[in-house]
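Please open the structure in your viewer and keep the selection panel at hand. The tour goes from one selection to the next, and at each stop it tells you what to look for.

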Amino acid sequence: MIILPKTEIMNPHDFTSGDYAPATESSDHISLKKSYDLFIGGKWVKAASSFDTINPATGKVIAEVSSAGKKEVNQAVKAARNAYDGEWSSISGAERGKYLFRIARLLQERAREFAVIESMDGGKPIRESRDIDVPLAAAHFFYHAGWADKLDYAFPGKKPKPLGVVGQVIPWNFPLLMAAWKIAPALACGNTVVLKPAETTPLTALKLAELLEDAELPAGVVNIISGDGETGQALVEHSGIDKVAFTGSTAVGKSIRRAVAGTDKRYTLELGGKAANIIFEDAPINEAVEGIINGIFFNQGHVCCAGSRLFVQESIADKVIRKLKKRIGTLKVGDPLDKNTDIGAINSAEQLARIKALVNAGEKEGACIWQPEGRLPRKGNWFKPTLFTDCAQSHRIVQEEIFGPVLAIQTFRTPQEAIEKANNTPYGLSGGVWTDKGSKIFKMTTSLNAGVVWANTYNKFDPTSPFGGYKESGIGREGGLHGLSAYLNI
Amino acid sequence: MDVREDFTDCLLISTSNSFVMTIKKTYKLFIGGKFPRTESGRVIEVRGKDGALLANMSQASRKDFREAVVAARKASAGWAKATAYLRGQIIYRIAEILDGRGEQFVSELVSHGLREDKAREDLARAIDLLVYYAGWSDKYQAVFSSVNPVASSHFNFSAPQPNGVVGIIAPGRGSLSALVSTLAPVIVGGNCAVVLSLQDATTAISFAEVLATSDVPAGVVNILTGKRDELGPEFARHMDVNALMLCSSDSDEKRALELEAAENLKRVSVHPNRSLKEDPYLITDFQEVKTTWHPIGV
């Protein structure tokens with residue numbers, strides 16, 4: 001592991017040490033205000049209380065952000081309702097689509113700015129925010145724009161209608177991308193939105209609100225209210241919304257499911273995962289090793305579909321683990337704004353503590369830990385890429401979602417054993433299969449109880465491709481044709 | 001001697017000389033392809049309009065329900081893997097057998113208080129529903145799948161897969177078509193079902209006899225007769241039931257069952273407490289969409 005020299009945000013650091021010269025993305029062109037208010041009914045509204053959003057790589061405060069209380073949640077829902085009953089419903093699908101196309105274009109134009117802010121606020125490597133989060137967010141708007149006037153073709157025999165006001169609560173791992181996943185289909189289907197970004201990563205959603213102003217989206221169609229879990233709870237329990245869309249933990253997802261029980265509110269839940277990434281002896285090993293690395297260390301492992309359980313066929317286990325360790329030795333952990341960085345900062349001190357607690361449990365329960373040499377930066381939240389071998393099905397690191405750069409490795413002998421172990425979890429979001437044999441691929445992909453299965457690849461996303469889980473990983477799909485039904489009365 | 005005359009004599013002799021008892025049927029549960037009595041030993045007395053005893057129906061217990069889920073789970077992998085063509089033929093076969101035993105169902109429905117013309121209508125509708133869904137067995141996948149044009153060099157497609165074990169809290173006191181309208185879309189999609197039918201539904205158990213003789217594999221459909229307020233929450237609560245079809249017009253019941261169902265995030269599909277119209281979206285209500293990616297290259 002190579003620790004990159006850490007740079008101060010807004011003040012690029014001099015070259016100090018390490019195998020690579022720092023290649024810090026400039027943040028000169030970023031304009032951030034000292035404080036951000038809530039975006040309600042097309043206006044910026046100051047809430048009674050506020051909180052700081054912190055750069056997890058430095059521990060420094062980036063901005064102060066308003067925290068929406070019950071009053072502001074009410075205001076936002078009312079604004080969304082007024083917009084739905086008023087202007088938004090009178091606009092044709094084709095014109096709605098044009099707003100979304102416009103938003104996509106504006107986001108593409110300001111991509112660099114959004115990428116830098118995303119990495120500052122959330123700790124993810126600039127390479128990922130630049131190449132994945134922001135372009136995909138724009139692509140989601142562009143994709144859904146085209147649906148707005150074609151919904152009658154999506155559901156044979158039906159005349160779909162919008163739901164009304166949608167309350168959306170999103171997580172901190174892909175702040176802007178999740179906002180796009182939620183807002184784009186909701187608007188394409190003719191709904192209005194109240195969106196609450198995560199407490200630790202509100203900035204890109206609030207910047208998106210500025211962009212929506214530039215796009216001249218009618219007031220109240222999208223309302224963005226920052227806050228903590230209580231804000232989210234007030235929103236999902238609000239009697240004025242017709243649908244809840246949530247991405248986050250399974251525990252919160254279940255409580256939301258309970259909150260909407262017996263109501264006419266619709267809901268989609270994208271929750272946790274504990275994906276199995278299965279490597280057969282006939283797999284292309286080097287590609288598989290890259291896939292394992294990408295599967296678990298992408299976005300510091302803060303990914304609900306992360307390939308956090310590795311199943312290697314016994315005959316190649318030693319070889320794969322040796323190659324993995326060698327590859328991990330070349331990963332660069334450090335400044336999220338450095339273009340060479342592979343693993344950035346852990347999103348929050350709270351999340352870091354959760355990762356450490358589970359890793360400790362893994363050691364205590366008897367699994368063998370391995371971490372690369374090297375020292376982590378002193379300030380900020382960091383965790384080394386970590387492997388566990390000798391894991392048992394009952395270990396907490398195998399059963400529980402860690403949401404960090406920690407991989408639990410197990411072996412198997414037969415495809416049937418791999419299927420049984422892989423499916424032995426309450427989760428069912430995603431999975432991976434690596435083999436050169438086509439018939440084996442289809443045997444495995446059809447047998448895994450998971451909503452997204454990557455064969456000979458991993459962690460690929462696209463707005464045309466439905467995403468969502470089986471079992472306790474959630475209810476409903478987002479993206480693609482299938483994702484539209486979440487925002488329509490069919 | 002004329003042969004016909006001789007035959008008439010025989011008939012006369014046999015009817016005049018004997019007293020023929022009706023053989024009444026014992027209505028039991030239908031679990032794993034067998035007809036066990038409830039382990040609880042409890043029965044619900046069902047009487048016709050004239051007050052005569054129609055049946056001592058088994059009042060299924062929680063344990064009976066758990067046994068039924070085990071049977072459904074055991075059958076689930078095989079039924080999900082059966083070809084769509086085979087599933088279609090089996091569901092069509094149910095219609096054939098039901099049609100052949102139509103008079104039995106008409107008389108049962110009449111004994112429950114339906115007018116004869118209504119009973120015939122109900123039977124005809126049940127048969128039509130089975131034929132309708134049999135025809136969907138190898139088509140809904142195509143209609144509700146997609147090949148997704150992702151912006152990278154991957155082949156990507158999404159297709160439905162069955163939920164697994166589905167609990168059905170069926171509507172329709174004394175109606176066969178109501179039961180079929182909930183069951184057929186669930187099983188045509190490759191799910192196995194545990195059905196709770198209303199307590200006086202002798203038709204449900206007679207229908208189980210049709211299923212048992214229609215090449216439906218054991219455990220694919222399990223039918224319990226029992227009390228809704230006792231077993232409903234068990235259906236919603238069971239951790240190895242993947243989805244619940246709830247036919248209810250009672251908002252308290254809906255809320256209570258949905259609260260229980262949250263624990264394992266069961267898919268819950270709520271419908272009014274009456275026969276459901278033909279609808280392929282009832283099939284997809286009990287499907288999960290799976291998306292598969294593979295690189296394109298050499």
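How many bridges join strand S20 of chain A to S10(B), and how do the two strands run? Before answering, bear in mind that this is a predicted model. Select residues 452–455 of chain A, which are strand S20, together with S10(B): three bridges join them, and the two strands run parallel. To find one of these pairings, pick A:Val453, whose bridge partner in S10(B) is B:Thr292.

**The meeting of the two chains**

Stay with chain B and select everything in it that touches chain A, which brings up 29 residues of chain B in contact with 30 residues of chain A. On the side of chain B that touches chain A, strand S4 (154–162), helix H10 (251–261) and strand S10 (287–295) of chain B each supply at least two residues. S10(B) gives the most to this side, with eight residues. If you colour the side of chain B that touches chain A by residue class, you will find eleven nonpolar, eleven polar and seven charged residues.

**The sheet that crosses from one chain to the other**

Next, show the strands as arrows and follow the sheet to which S20(A) and S10(B) belong, an open sheet of ten strands with mixed pairing. Its order is S16(A)-S17(A)-S18(A)-S14(A)-S13(A)-S19(A)-S20(A)-S10(B)-S4(B)-S3(B). At the edges stand strand S16 (368–370) of chain A and strand S3 (146–147) of chain B, each of which has a single partner strand, so one side of each is left without a neighbour in the sheet.

Within this sheet, select strand S14 (residues 309–313) and strand S18 (residues 406–412) of chain A, which run parallel and are joined by five bridges. If you label A:Val312, you can look across to A:Thr411 in S18(A), which stands opposite. Now add helix H13 (residues 415–423) of chain A, which lies across strand S13 (276–279), S14, S18 and strand S19 (430–434) of chain A and runs at about 145 degrees to S18(A).

**Chain A as a whole**

Hide chain B for a while and look at chain A, which has 15 helices and 22 strands. Its radius of gyration is 22 Å, close to the 23 Å that the globule rule gives for 490 residues, so chain A is as compact as a globular protein of that length. Turn the C-alpha trace of chain A about, and you will see that it spans about 65 × 55 × 35 Å along its principal axes. Buried residues make up 60% of the 490 residues in chain A. Among the contacts in chain A with a separation of 6 or more, 71% are between residues 24 or more positions apart.

Then colour chain A by its domain assignment, which gives domain 1 (23–271 + 472–489) and domain 2 (276–462). The C-alpha centres of domain 1 and domain 2 of chain A lie 29 Å apart, and the contact takes 24 residues from domain 1 and 26 residues from domain 2 of chain A. On the side of domain 1 of chain A that touches domain 2 of chain A, the elements that give two or more residues are helix H3 (111–122) and helix H4 (126–147) of chain A, and H4(A) gives the most, with four residues. By class, this side of domain 1 of chain A has eight nonpolar, ten polar and six charged residues.

**Two residues in one loop**

Zoom in on the loop between helix H9 (285–297) and S14 of chain A, where you will find A:Asn299, and select A:Gln300 as well, which lies in the loop between H9 and S14 of chain A. Most residues other than glycine have a negative phi. Phi of A:Asn299, however, is near 55 degrees, a positive value, and phi of A:Gln300 is near 60 degrees, also positive.

Are these residues buried or exposed? A residue counts as buried if 20 or more other C-beta atoms lie within 10 Å of its own. A:Asn299 has 23 other C-beta atoms within 10 Å, so it is buried, and A:Gln300 counts as buried because it has 33 C-beta neighbours inside 10 Å.

**Chain B as a whole**

Finally, bring back chain B, in which there are eleven helices and ten strands. Its C-alpha atoms fill a box of roughly 90 × 50 × 30 Å, taken along the principal axes, and buried residues make up 46% of the 298 residues in chain B.

Methods
Residues numbered from 1 in each chain as written. Chains lettered and ligands numbered in written order. Predicted model: local features only at pLDDT ≥ 70, side-chain atom pairs only at ≥ 80, totals over all residues. Contact = placed C-beta atoms within 7 Å. Nonpolar A, V, L, I, M, F, W, Y, C, P; charged D, E, K, R; others polar. Pairing = 2+ DSSP bridges. Rg over C-alpha atoms; globule rule 2.2 N^0.38 Å. Buried ≥ 20, exposed ≤ 12 C-beta atoms within 10 Å, placed from the backbone. Domains from an automatic or database assignment. Axes fitted to C-alpha atoms, helices over the stretch in contact; angles between N-to-C directions.
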